[in-house]
Amino acid sequence: VQLQASGGGLVQAGGSARLSCAASGRTFSDYVRGWFRQAPGKEREFVASITRSGSTYYGDSLRGRFTVSRDNDKNTVYLQMNNLRPEDTAVYYCAADTSLHVVVTGTPAYWGQGTLVTVSS
């Protein structure tokens with residue numbers, strides 16, 4: 001079972017980036033998919049999650065700039081990030097679990113390897 005995140009890179013402040021997380025080894029269509037991030041010197045924080053029915057949840061102050069979506073046929077979840085700020089610089093991790101509560105509280109069973117997003121001012 002593997003979650004492979006991609007799409008990170010260097011972005012200018014005010015710009016956009018789209019992260020993808022492709023799953024392999026099993027289908028995750030019944031799973032809650034989530035995104036987390038960890039900035040240098042800071043703890044990992046919850047970014048967003050999406051249930052199998054498409055209900056979405058976001059970390060504080062991220063709704064409106066970040067949008068999570070999923071394509072179950074492709075076993076993939078996406079994170080569209082707009083109006084990026086230097087403080088959004090972090091390694092972004094995707095994750096999956098059967099429980100929304102578990103995902104939102106930060107202990108999902110499956111984790112991807114992370115992709116670095118750097119926002120320059």
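Trainee: Why is the contact between Arg 65 and Asp 88 called a salt bridge?
Mentor: The closest N and O atoms of Arg 65 and Asp 88 are 2.7 Å apart. A salt bridge needs a side-chain nitrogen of Lys or Arg within 4 Å of a carboxyl oxygen of Asp or Glu, so the pair earns the name. Arg 65 lies in the loop between strand S6 (56-58) and strand S7 (66-71), and Asp 88 in the loop between S8 and S9, 23 residues apart, so the pair links distant parts of the chain; strands are DSSP runs of E with at least two residues, helices runs of H or I with at least four, numbered from the N terminus.

Trainee: What kind of model is this, and which local features count?
Mentor: It is a predicted model in which local features need pLDDT of at least 70 and side-chain atom pairs count only at pLDDT 80 or more, while totals for chains, interfaces and linings use all residues. Residues are numbered from 1 along each chain as its sequence is written, and side-chain values use heavy atoms, leaving out hydrogens and water.

Trainee: Why is Asp 88 called buried or exposed?
Mentor: Its relative accessible area is 0%. Buried means under 20%, exposed over 50% and partly exposed in between (1.4 Å probe, protein chains only), so Asp 88 is buried. Arg 65 is buried too.

Trainee: Which other residue forms a salt bridge with Asp 88?
Mentor: Arg 37 does, with the closest N and O atoms 2.9 Å apart. This pair also links distant parts of the chain: Arg 37 sits in strand S4 (residues 32-38) and Asp 88 in the loop between strand S8 (76-81) and strand S9 (90-97), 51 residues apart.

Trainee: What makes Arg 37 and Glu 45 a salt bridge?
Mentor: Here the closest N and O atoms are 2.6 Å apart, which meets the cut-off. With a relative accessible area of 8%, Arg 37 is buried, whereas Glu 45, at 35%, is partly exposed. Arg 37, Glu 45, Arg 65 and Asp 88 are thus linked in a network of salt bridges.

Trainee: What is notable about the phi of Ser 61?
Mentor: Phi of Ser 61 is near 70°, a positive value in a residue other than glycine. Most residues other than glycine have a negative phi. Ser 61 lies in the loop between S6 and S7, and its relative accessible area of 63% makes this residue exposed.

Trainee: How many aromatic pairs are there, and what makes Tyr 31 and Tyr 110 one of them?
Mentor: The structure holds six aromatic pairs. The rings of Tyr 31 and Tyr 110 are 6.0 Å apart centre to centre, with 65° between the planes. Rings of Phe, Tyr and Trp (its six-membered ring) pair if their centres lie within 6.5 Å, with planes under 30 degrees apart counting as stacked, over 60 as edge-to-face and the rest as tilted, so this pair is edge-to-face. Tyr 31 is buried at 10% relative accessible area, while Tyr 110, at 25%, is partly exposed.

Trainee: How do you know which label fits the rings of Phe 36 and Phe 46?
Mentor: Their centres are 5.7 Å apart and their planes are at 70°, so the pair is edge-to-face. Phe 36 is in strand S4 and Phe 46 in strand S5 (residues 45-50), 10 residues apart. Phe 36 and Phe 46 are both buried, and they form one aromatic cluster with Tyr 93 and Trp 111.
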